[in-house]
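Here is a short report for a first look at this structure. It starts with enclosed space and then moves outward to the whole chain.

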Amino acid sequence: MTNVKGWTDSPTLNFRIHIDMKVYTRTGDSGTTSLVGGTRIDKDNARLEAYGTVDELNSWLGLLDSSEAIPQPAHATLLRAMNLLFDIGASLATEEDSKWQPAPFPAAATETLEADIDAFEASLPRHNRFILPGGHPDAARANIARTVARRAERRIISLGRDVAVDPEIVRFINRLSDYLFVLSRAINNFNSANEIFWEKTC
């Protein structure tokens with residue numbers, strides 16, 4: 001049995017949570033879980049699909065960040081994005097009648113990501129061909145992360161049909177998928193791996 005103790009901070013959402021709990025609680029054994037405000041919902045609820053996919057995306061970013069084969073500037077961007085994805089998960093997991101409510105997601109986070117995209121693109125060869133996932137293994141992993149980001153975006157948009165979702169969250173996730181595509185190209189370039197282009201066969 002493992003106990004997790006300590007404090008965790010979220011500068012974006014402006015809250016602090018004390019962690020002092022077992023890893024397992026048994027409260028979800030019936031297929032439900034609690035939102036931030038305490039509401040119990042089914043684990044296949046649209047909220048769970050949305051923030052669960054964000055969690056999946058974060059895991060892929062962690063895998064990319066652990067590699068020494070990615071360009072150095074990407075480490076800071078990925079770490080920043082991982083923290084912001086935790087903030088997004090907390091926001092998506094908060095029901096509208098919860099006493100605690102997240103702060104608005106900062107538009108500046110997306111603008112910073114756009115600047116990172118522009119910096120990478122300035123150093124990459126230009127062409128007008130479709131690129132297949134592949135080349136360096138980490139470039140392929142970046143493309144997997146990109147598709148998970150796209151799925152997260154779809155899940156969040158679906159959730160937004162039923163509950164209020166901060167539009168800046170959708171904007172950030174969309175731009176993160178763009179960043180991951182450019183990162184995949186930058187990884188190939190950084191490691192002198194050839195990009196693989198789509199060869200139309202029909």
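The largest cavity is lined by Ile131, Leu132, Gly134, Asn143, Phe181, Ser184, Arg185, Asn188 and Glu195. On a 1 Å grid over the protein atoms alone, a cavity is a set of points where a 1.4 Å probe fits but cannot get out, and lining residues have an atom within 4 Å of a point. Two elements give two or more residues to this lining: β5 (131-132) and α5. Helix α5 gives the most, with four residues. By class, the lining divides into three nonpolar, four polar and two charged residues. Ala, Val, Leu, Ile, Met, Phe, Trp, Tyr, Cys and Pro count as nonpolar, Asp, Glu, Lys and Arg as charged, and the others, Gly among them, as polar.

The cavity has a volume of about 50 Å³. A volume here is the space filled by probe spheres set on the grid points, which are joined across faces, edges and corners. A search of the whole structure finds one cavity of 30 Å³ or more.

The model is predicted: local features need pLDDT of at least 70, side-chain atom pairs count only at pLDDT 80 or more, and totals for chains, interfaces and linings use all residues. Residues are numbered from 1 along each chain as its sequence is written, and side-chain values use heavy atoms, with hydrogens and water left out.

Asparagine 143, one of the cavity-lining residues, lies in helix α4 (residues 137-159). Asparagine 143 touches Pro133, Gly134, Phe181 and Ser184, leaving aside residues up to four places away in sequence. Contact means heavy atoms within 4.5 Å.

Three residues can be set side by side. Buried means under 20% relative accessible area, exposed over 50%, and partly exposed in between (1.4 Å probe, protein chains only).

| Residue | Helix | Relative accessible area |
|---|---|---|
| Asparagine 143 | α4 (residues 137-159) | 8%, buried |
| Isoleucine 173 | α5 (residues 167-190) | 0%, buried |
| Aspartate 87 | α2 (residues 72-92) | 6%, buried |

Which residues does isoleucine 173 touch, not counting those up to four places away in sequence? They are Leu57, Leu85, Ile88, Ala149, Ala152, Glu153 and Ile156. Isoleucine 173 and leucine 57 are 116 residues apart in sequence, yet 10.0 Å apart in space, C-alpha to C-alpha. Aspartate 87 and proline 102 are 15 residues apart in sequence and 8.4 Å apart in space, again C-alpha to C-alpha.

Proline 102 also appears in the second largest pocket. A pocket is an open set of grid points with protein on both sides within 12 Å along at least five of seven lines. This pocket is lined by 17 residues, and Ser91, Thr94, Gln101, Pro102 and Ala164 lie nearest its centre. Its lining has 10 nonpolar, three polar and four charged residues. About 190 Å³ of space lies in it.

Now the whole chain. The protein chain has five helices and six strands, in the order β-β-β-β-α-α-α-β-α-α-β. Helices (H or I, at least four residues) and strands (E, at least two) are DSSP runs, numbered from the N terminus. Of the 202 residues, 39% count as buried. Residues 24 or more positions apart account for 71% of the contacts with a separation of 6 or more.

The mean pLDDT of the chain is 89, and 90% of its residues reach 70 or more. Over residues 1-16 the pLDDT is below 50, and beyond near neighbours in sequence this stretch has 39 contacts in the model. pLDDT is the predictor's confidence in each residue, from 0 to 100.
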